[in-house]
Each structure stands twice: as structure tokens, then as C-alpha cells.
Amino acid sequence: NFVLPSILMGLGIAIDVAIATVSRFRDRTMTFLNWTLPVALSHILLPAIGYYGWWLLGQTFQQLGLFLGLTAFAIISIFLYESFCDWIDSEPAISLSPITEKALTWIDADSRGRLILVLAVSMDALWSGPAKAAQVESGGWSTLEVGVSFFVAGVVVAIVAELSLLFALVLN
């Protein structure tokens, strides 16, 4: 059965979504359309990319596996560091903001910040792809079950994000 593992994977990759959502309880602009939907879509698409793309790349060029993992770790760490510095009202010594601002000049500043946050909480979803490959192999999932499993996990993430938004509203 692929449904229960997909639900559990969705819960696992939604933990940081819940934390990020609740921690931004003062942000009254977060809505289903500009937060939950993008987070849910990224948690559907990125695991699929991780499963089909990154996993294949890592299997084909095994020496890249460590580099890919360290790159994701570094990006997430820098984002968390920047968020912490922002929280304590301090200037970070290292920042991804100049890079992302140049790459995303076509998006207004508020939307850019939200997109960066969506991507930051979605990086773990990208790396869930190889874990799903192990589940698929051990469970003997069909191609259809693999495809549907991405949507099941994404719906679970959407539910967690929306419940977190409601909790953040209560905190606000």
C-alpha cells in the first residue's frame, strides 16, 4: 500500500512548513493563495524532481551525491542564519539575498521574500525523492502509484500549512 507511506512522508516534509508558518504569525498577509498553494505545489513538484532527476543524477554520477547534499545543506543553513539575524535585528555576515534579489528582479520585494521562504521550506521535499525511490523499490509500487504518491504528500502538506495558518491567526 502506497497511501500510508505517502501520508507519513507528507507529514515529515511538512514539519518545517508548520514551524515557518506559525513563526510568522505576525504576518497577516499570508493566505491560501500566496502561501499554502505555493508550498503545496512545491512539495509536489520538488519530490518528483528529486525522485526522477536528482536521484538519477546521483545514481549516474555517484560522486555528485555528497556535493548535492552539501549544497542543499548550505543553502538551507544560510537561509536559517539570515532568518535568525533578521529575528534578532542583526546584519548577517553572509547572505543569499543579493543573489536572489538579482535573480528575482521581476518579482516585487514582498513576493520575492515569500518565494524565498517557500523554497527554503521546500528543500527537504526535494531530498525526499531518493527516500521515495527506496519506498517504491521495497513496496513494489506501480508507476501510477508513484505519481499519485507525490499528490498525496502534497495534499498532506497543504492541510498542515492551512492548519498552521489558522493557528498563526489565533496567535496573532
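**Group meeting: a surface patch and an aromatic cluster**

Okay, let's start on the outside: F32, L33, L37, L41, L45 and I49 together make a nonpolar surface patch of about 570 Å². Keep in mind that this is a predicted model. One of the patch residues, F32, is found in helix α2, which covers residues 32-60. So is F32 buried, exposed or partly exposed? Its relative accessibility is 42%, so F32 counts as partly exposed.

Now for the rings. How many aromatic pairs does the structure hold? There are four. I'll take you through two, starting with Y51 and F150. Their ring centres sit 5.9 Å apart and the planes make an angle of 65°, so we call this pair edge-to-face; the cut-off for that label is over 60 degrees. What I like here is that the pair links distant parts of the chain: Y51 belongs to helix α2, F150 belongs to helix α6 (residues 143-171), and they're 99 residues apart. As for cover, Y51 has 14% relative accessibility, so it counts as buried. F150, at 4%, counts as buried too.

F150 also pairs with Y52, and this time the arrangement is tilted, with 6.0 Å from centre to centre and 55° between the planes. Again, distant parts of the chain get linked, with Y52 in helix α2 and F150 in helix α6, 98 residues apart. Y52 has a relative accessible area of 46%, so it is partly exposed.

Put those together, and Y51, Y52 and F150 form one aromatic cluster. If you rotate the model, look for F150 in helix α6 and for Y51 in helix α2.

How values were computed:
Residues are numbered from 1 along each chain as its sequence is written. This is a predicted model: local features need pLDDT of at least 70, side-chain atom pairs count only at pLDDT 80 or more; totals for chains, interfaces and linings use all residues. Side-chain values use heavy atoms; hydrogens and water are left out. Patches are made of residues with over 30% relative accessible area and no salt bridge: like charges are joined within 9 Å, nonpolar side chains (Val, Leu, Ile, Met, Phe, Trp, Tyr) within 5 Å. Accessible areas come from the Shrake-Rupley method with a 1.4 Å probe; for residues, only the protein chains shown count as cover. A salt bridge is a side-chain nitrogen of Lys or Arg within 4 Å of a carboxyl oxygen of Asp or Glu. Helices (H or I, at least four residues) and strands (E, at least two) are DSSP runs, numbered from the N terminus. Buried means under 20% relative accessible area, exposed over 50%, partly exposed in between (1.4 Å probe, protein chains only). Rings of Phe, Tyr and Trp (its six-membered ring) pair if their centres lie within 6.5 Å; planes under 30 degrees apart count as stacked, over 60 as edge-to-face and the rest as tilted.
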